[in-house]
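Let's take a walk through this model together, with the sequence and the structure side by side.

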Amino acid sequence: MRLMRALVVEDDTGIQRFLVKGLREASFAVDAADDGIVGYELANVEKYDVIILDLMLPGMDGLNILKEIRESGNDTPVICLTARDAVEDRIQGLDFGADDYLAKPFSFAELLARIRALLRRGRTVVNSPIVVADLTVDLLTHSVDRAGRRIDLSAREYALLEYLARHAGEVLSRTMILEHVWDMNQDPLTNVVDVHINRLRKKVDHGFDQPLIHTIRGVGYVLRKDQT
């Protein structure tokens, strides 16, 4: 299945670490911000499957972040977290576009269950398969085949191939791949991208005359029919 991406905007260091650790263990790629302005910028620039948003933040409070991203057309599911448990605060958050609401302290298991429920509800748009030469990446079933041959991939390998396929013909740097398939906190000097690209090549290109995954020396990688 596709690797999900989450944004955690929380200024309490302990809670932020708790959330990031739990989400990564649940196979999410996670970006985190402890400042409202940084969180707002990330929410607008990056594409996430879910945003976990504290309401009381330095720089820009959660309600304003929520209001601004909704007005800009960003419909990413948002779960609000706050120490405030007054009914009025919950109503205001929901009115501003929150999809769910949890008061601190909360159970991580409950948060994860709510995230999964939101993601299930959001899967209403059927995405057309991406076809590059004889390679087909089905965005709905997360299945991959080449020339009619089924290719079995791990969740991370599929996430990497999907990202390449969505940007077929575009050269993607290692940093771009790290931020979208892993998360922004990965060490940029790590060779994890190269390792997974090599694994993917063995499954996608091995045994075929025409390679589809190409290395652009000094830059990154591209998925395309040929190098011309």
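Leaving aside its neighbours within four places in sequence, which residues is Ile177 in contact with? The partners are Leu160, Tyr163, Leu172, Trp182, Val193 and Tyr221. Please keep in mind throughout that this is a predicted model.

## The core around Ile177

Ile177 is a good place to start, as it is listed with Leu135, Val137, Leu161, Val193 and Leu223 as having the most contacts inside the largest nonpolar core. That core has 30 residues. Two or more residues come from each of strand S6 (130–132), strand S7 (135–137), H6, H7, H8 and S12. The top contributor is H6, which gives seven residues.

Apart from this core lies another one, of 20 residues, and among its members are Val8, Leu19, Phe28 and Leu102. As a general background, nonpolar side chains in soluble globular proteins tend to be buried together.

## Helix H8 and its two helical partners

Two packed helices are described by the angle between their axes and the distance between the axes. For helix H7 (residues 174–181) and helix H8 (residues 192–204), the angle is about 85° and the axes lie 10 Å apart. H7 and H8 are therefore roughly perpendicular to each other, since angles of 65 to 115 degrees count as such. On the H7 side, Arg174, Ile177 and Leu178 take part, and they meet Val192, Val193 and Asp194 of H8. Sorted by class, the residues of this contact are four nonpolar, no polar and two charged.

Now turn to helix H6 (residues 155–166), which packs with H8 at about 85°, with the axes 10 Å apart. H6 and H8 are therefore also roughly perpendicular to each other. H6 brings Arg156, Glu157, Leu160, Leu161 and Leu164 to the contact, while H8 brings His196, Ile197, Arg199, Leu200, Lys203 and Val204. Here the classes are six nonpolar, one polar and four charged residues.

## The three-stranded sheet

Next comes an open sheet of three strands, ordered S10-S12-S11 with antiparallel pairing. Strand S10 (172–173) and strand S11 (213–216) are the edge strands, each pairing on one side only. H8 packs on this sheet by touching S11 and S12, and the direction of H8 makes about 145° with that of S11.

Two bridges pair S10 with strand S12 (residues 220–223) in the antiparallel sense, and Leu172 has Tyr221 in S12 as its bridge partner. Both of these residues also appear among the contacts of Ile177. On the other side, S11 and S12 run antiparallel and are joined by four bridges, with Ile213 standing opposite Leu223 in S12. Three residues lie between the strands in the hairpin of S11 and S12, where Gly218 takes a positive phi near 80°.

## Strand S1

Let's finish with strand S1 (residues 4–9). Is S1 mostly covered or mostly exposed? This strand is mostly covered, with six of its six residues buried. Met4, Ala6 and Val8 are buried on one side, and Arg5, Leu7 and Val9 are buried on the other, leaving both faces covered. Val8 is also one of the residues in the core of 20.

S1 runs parallel to strand S2 (residues 28–33), and six bridges join the two. Within this pairing, Arg5 stands opposite Ala29 in S2.

Definitions and conventions:
Residues are numbered from 1 along each chain as its sequence is written. This is a predicted model: local features need pLDDT of at least 70, side-chain atom pairs count only at pLDDT 80 or more; totals for chains, interfaces and linings use all residues. Side-chain values use heavy atoms; hydrogens and water are left out. Axes are lines fitted to C-alpha atoms, for helices over the stretch in contact, and angles run from 0 to 180 degrees between N-to-C directions. Angles under 35 degrees count as roughly parallel, over 145 as roughly antiparallel, 65 to 115 as roughly perpendicular and the rest as oblique. Contact means heavy atoms within 4.5 Å. Ala, Val, Leu, Ile, Met, Phe, Trp, Tyr, Cys and Pro count as nonpolar, Asp, Glu, Lys and Arg as charged, and the others, Gly among them, as polar. Two strands pair if DSSP finds at least two bridges between them. A nonpolar core is a set of buried Ala, Val, Leu, Ile, Met, Phe, Trp, Tyr and Cys residues joined through side-chain atoms within 4.5 Å. Buried means under 20% relative accessible area, exposed over 50%, partly exposed in between (1.4 Å probe, protein chains only).
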